[in-house]
Amino acid sequence: MFELLQGVPLFFNPLALAATTLGIIAGLVIGVLPGLGPLMGIVLMLPVAFHLPPIAGMGMLIAIYIGGSAGGSVSAILLRIPGTPIAAATLFDGFPMAQKGRAQDAVGLAMTASTLGGLIGGIVLLFFSPLLAKFALRFAPPEYFGMALLGVLTIAIVSEGSALKGLLAGGLGLALAMIGTDEFTNAYRFTFGNFNLSSGPHVVAVVVGLFALSELFFQIESGGFLDRPNVQRLRVSFRAFRLIVHHKVNLVRSALIGTFFGAIPGTGGDVSAFISYAAAKKMSRPGEVFGEGAEAGIVASEAANNGCCGGAMIPTLSLGIPGDGSTAVLMGGLILLGFFPGPELFRSHPEIVGGIFIAYMVGNIIMLLLGVVLAPLFGRVLRIPKAWLIPAVLLLSVLGTYALQSSVFDLWVMLVFGAVGYLMRRAHYPLAPVIIGMILGNVLENNFRRALLLSRDGPMIFVERPISAAIIAIDILLLIMIVVSTIRASRRAERDPGPDQT
Amino acid sequence: MFARPLIFAAGLVLAMPAWAEFPERNIENIYPWAPGATMAASQVIADAMGKELGVNVSVVSTPGAAGTKAFQVALEKPADGYTIFDGYVAPLVLQPLLGQAKWTYENFTPLWSATSNSFAIVIRKDESRFKDFPSLIAYAKAHPGELRYSPGAPNGLPHMVAAKVMQTSDAVAQVVPYPEIDVAIKDLRGGVLDFMITNPGVYQTNKDDVKVVAVLSELKRASETYGGAPRVQDYGIDLGMKGLAPMGWNWWLVRKETPKEVVAKLRDAMGKALARTDVQEKLMAMGYVPLGYGPDEYAKIVGPVAADLQSGMDAIAWEKKALQSVKK
């Protein structure tokens with residue numbers, strides 16, 4: 001590990017520090033804009049990175065990655081637009097918290113949790129890279145299937161109110177995931193001859209429609225377009241540092257969940273954010289009402305999705321197998337700079353690995369400082385009267401969604417899901433399960449089918465492999481827990497009929 | 001306030017007229033696969049080409065529908081030279097052949113050919129059941145349908161050459177499709193796959209753990225990109241696919257209606273970029289062989305590929321039948 005310290009002089013020079021700071025700012029901005037996630041940011045800045053020395057270049061790209069992963073939370077909290085799908089879980093509590101006049105705390109908490117989550121991910125990256133990398137290799141299709149099933153089961157926990165409505169919404173998400181090209185035969189499924197559906201509806205278009213557009217419809221409906229909301233004036237404050245101390249267990253747990261999911265290629269930040277949110281909700285203290293502005297909800301989601309960044313770097317650097325789309329482009333950048341990732345890189349160029357690691361850690365700290373300084377600026381958005389805010393949000397949603405793949409069809413998808421989201425909220429159906437189902441549907445189905453193709457004796461493959469068997473056992477236990485608590489809740493409701501909750 | 005300047009800025013960007021000479025803004029190369037080692041090869045050319053043109057050329061990964069989604073997306077952009085098709089053989093020749101796309105290679109205006117990459121059969125370094133190509137085939141023959149292999153996505157070029165090898169050697173193994181070769185390699189190293197087809201980029205990043213048993217091309221340079229590993233013909237196997245046919249390659253293209261002077265500028269920049277020795281060395285180091293065919297050779301080179309691919313498609317059909325009879 002001491003060889004990695006050779007990276008210190010490579011990073012601590014004005015150019016690398018400036019490039020990293022610039023990357024964080026670019027990442028935050030790109031994360032705030034709906035649709036443009038960290039992946040797009042890295043792709044756009046890749047050509048610039050080539051003209052820099054390796055560590056300055058990689059520092060900038062990694063900074064965009066972490067800044068972009070955290071930036072999505074700002075628009076989720078303030079405008080109910082998750083800038084990226086990974087921030088979707090942040091808005092459950094972030095938006096209600098901002099509406100209650102605690103925008104500054106919400107943004108501050110999100111930034112602090114992101115940074116600390118990222119740093120915890122980084123420490124795991126430093127100490128456990130080889131170990132976790134070996135573990136990740138033992139994850140094959142049966143294990144992925146079990147993990148995806150675990151993710152789908154969290155729908156029941158994340159859902160507000162009726163578990164049945166949550167499952168129905170999750171079913172809609174799973175159905176949406178079936179649209180597109182079948183991975184095993186290349187046949188088109190439910191595309192109705194429309195080429196735009198050949199990879200299914202774009203998840204970001206669906207997210208922006210469901211969450212942001214439906215909120216706009218509600219805002220328009222409630223009127224008061226010229227009212228100037230009476231929001232507390234925001235200023236630079238380090239209060240969030242104090243607040244987060246109350247959530248230290250949640251923070252560490254969520255960051256570790258994020259790192260773990262990041263380290264397993266192909267699962268990613270969005271799933272880890274939902275799962276750690278579900279875990280925090282299950283273990284919440286009395287008095288914490290999730291979905292109505294609980295601090296713990298923001299901490300769980302943000303710590304997990306930034307912990308995931310550190311996690312995703314583990315297989316990328318130590319195995320040469322990228323953890324997600326963004327790290328795949330990061331790996332491409334590293335190759336272009338002349339370094340092939342893999343175990344050999346740790347031996348032959350420890351200074352490069354060390355420099356990347358330091359860039360990642362320092363990037364996280366720069367993000368915290370910038371996030372705290374910029375929070376008041378972001379917070380001013382809430383003081384804008386609706387007559388200005390609604391068209392601006394609509395413009396941002398349309399620009400961001402169109403920019404995904406320059407497709408007008410995506411705008412239609414956004415609009416349709418805006419209407420769907422509006423109707424679902426009217427009927428008190430939760431929206432998050434749609435996204436979880438949509439993201440996990442493909443992972444679930446394709447790994448199930450792949451596992452059966454790999455197996456030499458049918459479904460036994462799921463129980464013959466120890467890790468898979470353990471995950472499936474957890475799945476079954478969780479399912480039993482959900483069923484039992486649902487039955488208990490309905491019995492209680494029968495005995496003690498309260499006010500109608502539909 | 002925050003919203004007003006933003007709206008203004010967005011309006012300004014959208015309303016900017018095209019007054020300057022081409023290129024006056026960044027150019028996009030629409031790349032048909034997920035990000036990974038192969039994308040880096042396109043990025044090397046894009047970067048060098050951008051330097052010639054004085055703007056950035058960014059490589060935008062647009063995976064989906066066996067590569068045709070990228071073509072569809074690029075076809076919807078204006079024919080102004082700001083969008084380049086990263087014309088890989090799968091969306092350009094193969095998918096139209098399979099009836100999955102409406103265009104043919106003649107519907108595009110070629111710039112220069114970019115790179116070619118051959119495929120190879122790899123096994124784990126610590127594999128004990130077989131050590132080389134003959135022993136792998138012997139094992140597969142002795143245990144029909146027992147070995148698991150992945151060619152990445154199904155029915156693509158790597159699958160064709162793999163099926164062709166299996167058909168010629170009369171051996172059967174279970175195909176397990178993965179979305180990309182980059183994903184499948186993890187399961188080869190993890191021990192659930194027994195062998196697989198790889199490209200040079202994925203091989204380079206995994207060469208500490210995998211061993212090439214046969215390069216699936218007759219060309220000598222192809223063997224060089226896999227550290228001098230033996231070619232399949234060295235074992236007396238005739239692939240029946242010559243030249244570019246059994247290989248992945250890409251030819252950068254623009255829409256047919258693109259103005260002539262814009263095409264000329266792009267061709268000139270790409271030609272100069274590819275002629276640079278540092279660009280060629282970088283590509284070779286990554287396992288991608290610069291092809292060096294100019295725009296005038298497009299029809300001559302790409303035309304015959306389609307006929308050769310038919311034999312690969314027949315091999316996949318043979319494999320499907322053989323697998324079914326093994327299962328019975």
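Me: Helices here are DSSP runs of H or I with at least four residues, strands are E runs of at least two, and both are numbered from the N terminus. How many of each in chain B?
Reply: Chain B comes to 13 helices and 11 strands. It's a predicted model, with local features needing pLDDT of at least 70 and side-chain atom pairs 80 or more, while totals for chains, interfaces and linings use all residues. Residues count from 1 along each chain as written, chains are lettered from A and ligands numbered from 1 in written order.

Me: And chain A, how many helices and strands there?
Reply: Chain A has 20 helices and 2 strands. Its C-alpha atoms fill a box of roughly 70 × 65 × 50 Å along the principal axes, whereas the box for chain B is roughly 70 × 50 × 40 Å.

Me: What share of each chain is buried?
Reply: In chain A, 58% of the 502 residues are buried (20 or more other C-beta atoms, placed from the backbone, within 10 Å of the residue's own). For chain B, buried residues make up 55% of 328.

Me: Back to chain B. Is helix α6(B) enclosed or open?
Reply: Largely enclosed by the rest of the structure, since 11 of its 13 residues are buried. The buried stretch includes Leu157(B), Pro158(B), His159(B), Lys164(B) and Gln167(B).

Me: What do those buried residues pack against?
Reply: Elements of chain B: α4 (89–97), β6 (148–150), α7 (181–189), β8 (195–198), β10 (248–255) and α13 (305–327).

Me: How far apart are the end C-alpha atoms of α6(B)?
Reply: They're 19 Å apart, which agrees with the 18 Å that the 13 residues, 157–169, should span (1.5 Å times one less than the number of residues). After the helix comes Asp170(B), with a positive phi near 55 degrees.

Me: Switching topic: which domains does chain B have?
Reply: The assignment gives domain 1 (25–117 + 247–293) and domain 2 (120–244 + 310–327); such bounds come from an automatic or database assignment. The C-alpha centres of these two domains of chain B lie 27 Å apart.

Me: How many residues are in contact across them?
Reply: In chain B, 20 residues of domain 1 are in contact with 16 of domain 2 (C-beta atoms within 7 Å). On the domain 1 side, α2 (37–53), α4, β4 (108–117) and β10 of chain B each supply at least two residues.

Me: Which element gives the largest share of that domain 1 side?
Reply: That's α2(B), with 4 residues.

How values were computed:
A residue is buried if 20 or more other C-beta atoms lie within 10 Å of its own, exposed if 12 or fewer, and partly exposed in between; C-beta atoms are placed from the backbone. Two residues are in contact if their C-beta atoms, placed from the backbone, lie within 7 Å.
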